[in-house]
Amino acid sequence: MISHIWHTVYPILIALLFFELIIIIHEGGHFIAARLMKIRVNEFSIGMGPKIFQFEKGDTTYSLRWILFGGYCSMEGESEESDSEFSFSQKKVWQRIFVVVAGALMNLILGVVIVAIIVCSQSLIGTSEIAKFDGNAVSSQTLQVGDRIKAIDGMRVYSPNDVSTGLSRSPDDTLEMLVVRDGREQKLNVKFNMEKYEGKSYIKMDFWLVGQKKTLGGIIRNTVTEWVSFARMVFLSVHDILIGRYGLNDLSGPVGAVSIVSQAVKTSAGSMLRIMALLTINVGLFNLFPIPALDGWRLFLLIFEGIFRRKLPDKWEWAINGAGLVILLGFMCVITFSDITKLF
């Protein structure tokens, strides 16, 4: 009984700790950048809600709070007027930009580290060259062993992850693929079998890709291409949502993400790391989108200030931020409710 409960609980704990790690890394980026720019940090908090304990070092209060699903880095003059030379508002535009983007930058660096761990833990380094086909593979009627896939439906392929991404995004069973065969590029219309997952039909990948021996150069190259592939998945997902390919039921908020990570933990370490890499890169990039209440909106305002030598009036900034925060929180509530209904 106890082992069964532990088997259920520990993946959720790992997922929650990973999300807190993403937040700590993000806020830690703001903290380090603020210190480098000589901006006073009033409080650095791990978690939200009531305090468990706190201590002071220098001008900063460090606190641990009960709800380990959040955190913040509160800087002098960040959201209030301050005449101190150590305040955020008194620093040059480029210094404030550096502090604002540092959080997202740290998330992206964490993504690089996780992808590098994935690549180093593999026995071989993946390529986009076809090694063999499954029995009765439909795609073998068009594709051949040795074909190197360069593009799928117009999407360039740089890594093995791009191949699976390209196949999963197709709405039907036939793809236009650009391959290199015998040293020449060829465009092919390739047919696949479809399989169902959670009520939706997806292309079944019926071939295997060539693996190469690991070298230092290969590890570095594959880490970069896989990281870029994960980053591109973020933009492709946003594009697919905007054009209506995915609906509300296909989106996941914090509850759904914790569920996905915990399931990956139960599957394998490799699956867990891939989901974690995608999530931290997603958080880093999404935070830079110019959406009110996110770092990207503050970055947009700072770029506006740097170009036009004037700030947006405070009343407009507060109004836009407030409206954006209400919309964002409302959207998250809807997504969270959707996540909970999926669980039950």
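**Side-chain contacts, cores and a pocket in a predicted model**

The backbone oxygen of Arg-156 lies 2.6 Å from a polar atom of the Arg-232 side chain, a polar contact being a pair of N or O atoms within 3.5 Å in which, within protein, one must be able to donate a hydrogen and the other to accept it, with residues adjacent in sequence counted only if both atoms are side-chain atoms. The model is predicted, so that local features need pLDDT of at least 70 and side-chain atom pairs count only at pLDDT 80 or more, whereas totals for chains, interfaces and linings use all residues. Residues are numbered from 1 along each chain as its sequence is written, and side-chain values use heavy atoms, with hydrogens and water left out.

Arg-232 is found in helix H4, where helices (H or I, at least four residues) and strands (E, at least two) are DSSP runs numbered from the N terminus. At 21% relative accessibility Arg-232 counts as partly exposed, the class between buried (under 20% relative accessible area) and exposed (over 50%), as computed with a 1.4 Å probe on protein chains only. Leaving out residues up to four places away in sequence, Arg-232 touches Met-155, Arg-156, Tyr-158 and Asp-162, contact meaning heavy atoms within 4.5 Å. Its C-alpha atom is separated by 9.8 Å from that of Ile-281, 49 residues apart along the chain.

Asp-162, one of these partners of Arg-232, lies in helix H3 (residues 160-168) and is buried, with a relative accessible area of 2%. The side chain of Asp-162 makes a polar contact of 2.6 Å with the side chain of Ser-229, and the residues that Asp-162 touches beyond four places in sequence include Ile-152, Met-155 and Val-157.

Tyr-72, in strand E2 (residues 60-75), is partly exposed, with a relative accessible area of 25%. A polar contact of 3.2 Å joins the side chains of Tyr-72 and Glu-43, and among the other residues touched by Tyr-72, again not counting those up to four places away in sequence, are Glu-27, Phe-44 and Arg-65. Tyr-72 and Ile-46 are 26 residues apart in sequence and 7.0 Å apart in space, C-alpha to C-alpha.

The protein as a whole has 8 helices and 10 strands, and 39% of its 344 residues count as buried. Among contacts with a separation of 6 or more, 64% are between residues 24 or more positions apart.

The largest nonpolar core (a set of buried Ala, Val, Leu, Ile, Met, Phe, Trp, Tyr and Cys residues joined through side-chain atoms within 4.5 Å) has 26 residues, of which Ile-114 and Val-261 touch the most other members. Helices H1 (2-36), H2 (93-121), H4 (216-242), H5 (254-267) and H6 (269-286) each supply at least two residues of this core, and the largest share, 7 residues, comes from H6. Leaving aside neighbours within four places in sequence, Val-261 is in contact with Ala-15, Phe-19, Ile-275, Met-276 and Leu-279. Apart from this core lies another, of 17 residues, among them Ile-39, Met-75, Val-99 and Val-100.

The second largest pocket is lined by 17 residues, of which Gly-126, Thr-127, Ser-128, Tyr-158 and Arg-221 lie nearest its centre. A pocket is, on a 1 Å grid over the protein atoms alone, an open set of points where a 1.4 Å probe fits, with protein on both sides within 12 Å along at least five of seven lines, and lining residues have an atom within 4 Å of a point. Strand E3 (125-133), strand E4 (148-152) and H4 each give two or more residues to this lining.
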